[in-house]
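Here is a short report on open and enclosed space, one helix and the cysteines. Keep the sequence and the 3D view at hand while reading.

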Amino acid sequence: MNNREDKGPVPYINFFIKLLQGVRKKIGKVNSIMEGKYSPALLASGVTVIAALITILILFLPNYLGVANDGSTDGIMKSAGFYYINKDPDTSYGDYFIKTYTEVASGEEVQGNVWNSQLVFFRAAKALDQLFTRDSIFDIRFLALIYFLLYLPALYLIIRQSCERVKSFSEGALIAGVGLIIFSDVGYMTYFNSFYPEAVWFLAILYCVGGFMSFQKKRSGYKDLSVLILIVIWGSVLVSSRRQCAVMGFILAISVIRLITIRRSFIWGGVCIAGAFLLSLLSFVCILGYPSDFSETSKLHAMTRGVLFSSADPAKTLTEFNIDPTYELLADASAYDYLPFVKSGDSSLYHGFMDQYTISDIGIYYLRHPDSLIGMIDVSIKQGMDMRRSNCGNYEKEAGFPKKAKSLFWSFWSSFKELSAPKTVGYLILLTVAVFILFYKGYSLRRVEDRRNTVFLDMLIMVLAFLLSQSILVIVNSGDAEMAQRLFLVGLSIDIMTYCVFGELLHRLGIV
């Protein structure tokens with residue numbers, strides 16, 4: 001018999017074992033060389049420089065990349081004084097990224113009356129554009145420049161604080177590298193060249209999360225106070241960006257209150273209470289003062305693409321709302337279908353159907369039927385994981401790419417999420433269990449002498465609350481019809497949780 005056939009897979013197994021042993025020896029030598037020289041600050045600085053170069057390539061050098069408008073930002077654009085140069089909707093919406101806009105309204109334009117925290121960034125970009133060009137054309141790259149300059153310190157903060165939890169160079173370098181891949185992905189960066197709120201959300205979340213992470217290490221009261229102020233400022237930006245984000249102010253306020261226990265100081269406690277009060281007050285103001293982000297069409301979809309879509313027996317479900325069971329034909333109907341079964345604004349749907357329920361009724365229904373809510377959250381996880389808008393291209397028309405074309409440059413993470421990552425509520429449950437197992441050590445709800453080692457768990461609970469609040473809010477108000485446009489924060493929250501779990505697992509297992 002042939003001797004090679006007798007050996008089977010053993011030589012290959014031995015080869016891989018020797019290879020792994022060789023790699024571990026190399027890593028050991030590197031760690032020995034870096035003994036006493038490990039610096040989270042240096043690693044974070046290196047990652048920030050690389051991210052800066054990547055972002056410059058994406059945003060400021062040909063082919064310029066951004067996100068095409070889908071029409072949802074028209075109100076805030078007009079409020080800031082930006083208008084389309086080409087008025088043709090077929091040219092303006094969806095297919096291609098538009099880099100330049102006019103600041104002169106035509107006779108047909110109606111001045112926008114939208115106000116939120118985005119306007120601060122838009123007006124700063126407009127002033128910067130005027131300073132350099134002194135014309136009536138606005139180049140959106142000035143807005144991207146402002147976002148870019150704010151992004152670099154945020155990335156530095158979150159990478160440094162993640163690397164602070166490990167002491168060996170190899171672990172820190174791998175954690176920093178993964179952070180670079182996740183948080184500088186083209187799917188995130190292209191929002192800087194757009195009028196969407198995602199860019200503001202991304203920056204605000206990075207600053208808030210990185211700020212909370214930084215409390216893991218003892219330092220002076222002045223530094224703690226400055227970071228707390230940073231969290232309150234960026235939390236306020238997040239809360240006031242859209243009405244759908246207002247509820248996040250209450251979550252942030254609870255997290256800020258939890259920080260009282262890290263220092264035994266009357267002044268510190270007072271500042272934490274004041275910060276939490278300001279965030280809560282701003283949330284109330286935004287909830288009461290901002291117009292709803294959802295329309296009557298959203299209300300229709302909340303029933304057809306939410307309640308009825310998730311129901312095993314639509315006819316029986318309709319009777320719970322005192323609606324004629326014959327409307328079960330509307331189960332999963334959408335006004336956004338290519339050939340819609342129902343149309344937005346159809347008055348025949350109001351009497352006997354839409355006038356029979358409110359958004360509060362839908363919320364109560366999900367409380368009575370948690371299985372339906374979990375099923376919809378499962379759908380929201382899948383939608384939220386796709387961080388790039390499928391109906392919006394990244395390239396200018398002049399670049400010569402097909403309509404709605406997406407850039408593949410530096411898209412490792414977004415491509416992995418789209419093609420291979422688990423996208424179920426089961427993954428979220430697994431991730432949540434991992435968070436509690438890995439970060440629960442030393443956790444206490446009581447005031448203890450030093451509970452800085454538990455701030456990571458507090459922060460991740462906050463991120464999980466962000467995720468669930470945004471998912472449930474969109475489900476109750478619009479079913480699954482608008483998830484692709486509204487669940488960016490769900491995907492970002494999962495990325496943060498995944499990154500923190502990866503870093504802690506890497507450290508606990510000691511495989512590098």
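## Largest pocket

The lining of the largest pocket is mixed: 10 nonpolar, 11 polar and 8 charged residues. This is a predicted model. The volume of the largest pocket is about 690 Å³. Lining residues number 29, and those closest to the pocket centre are Ser-72, Thr-73, Arg-242, Asp-293 and Arg-486.

Three helices each give at least two residues to this lining: H4 (74-80), H10 (198-213) and H21 (483-486).

## Enclosed cavities

How many cavities of 30 Å³ or more does the count give? It comes to 3. The largest cavity holds about 80 Å³ of space.

Its lining residues include Ser-162, Arg-165, Val-166, Ile-175, Met-213 and Phe-439. Phe-456, Tyr-499, Cys-500, Gly-503, Glu-504 and His-507 also line the largest cavity. Which helix supplies the largest share of this lining? Helix H22 (residues 488-509) does, with 5 residues. By class, the lining of the largest cavity has 7 nonpolar, 3 polar and 2 charged residues.

## Helix H17

Helix H17 covers residues 370-385, 16 residues in total. At 1.5 Å a residue, the helix should span 22 Å. The end C-alpha atoms are 22 Å apart, so the expected span and the model agree.

Which residues of H17 are buried? Towards the start of the list come Ser-372, Leu-373, Met-376 and Ile-377. The list also includes Ser-380, Ile-381, Gly-384 and Met-385.

## Cysteines

The structure holds 0 disulfides. A disulfide needs two cysteine sulfur atoms within 2.5 Å. Take Cys-163: the closest cysteine sulfur is in Cys-500, 11 Å away. That is too far, so Cys-163 and Cys-500 form no bond. Cys-500 also appears in the lining of the largest cavity.

Cys-208 is in no disulfide either. The nearest cysteine sulfur to that of Cys-208 belongs to Cys-245 and is 11 Å away.

Are Cys-163 and Cys-208 buried or exposed? Buried means under 20% relative accessible area. Cys-163 is at 0% relative accessibility, so Cys-163 counts as buried. Cys-208 is at 1%, so Cys-208 counts as buried too.

Definitions and conventions
Residues are numbered from 1 along each chain as its sequence is written. This is a predicted model: local features need pLDDT of at least 70, side-chain atom pairs count only at pLDDT 80 or more; totals for chains, interfaces and linings use all residues. Side-chain values use heavy atoms; hydrogens and water are left out. On a 1 Å grid over the protein atoms alone, a cavity is a set of points where a 1.4 Å probe fits but cannot get out, and a pocket is an open set with protein on both sides within 12 Å along at least five of seven lines; lining residues have an atom within 4 Å of a point. Grid points are joined across faces, edges and corners, and a volume is the space filled by probe spheres set on the points. Helices (H or I, at least four residues) and strands (E, at least two) are DSSP runs, numbered from the N terminus. Ala, Val, Leu, Ile, Met, Phe, Trp, Tyr, Cys and Pro count as nonpolar, Asp, Glu, Lys and Arg as charged, and the others, Gly among them, as polar. The expected span of a helix is 1.5 Å times one less than its number of residues. Buried means under 20% relative accessible area, exposed over 50%, partly exposed in between (1.4 Å probe, protein chains only).
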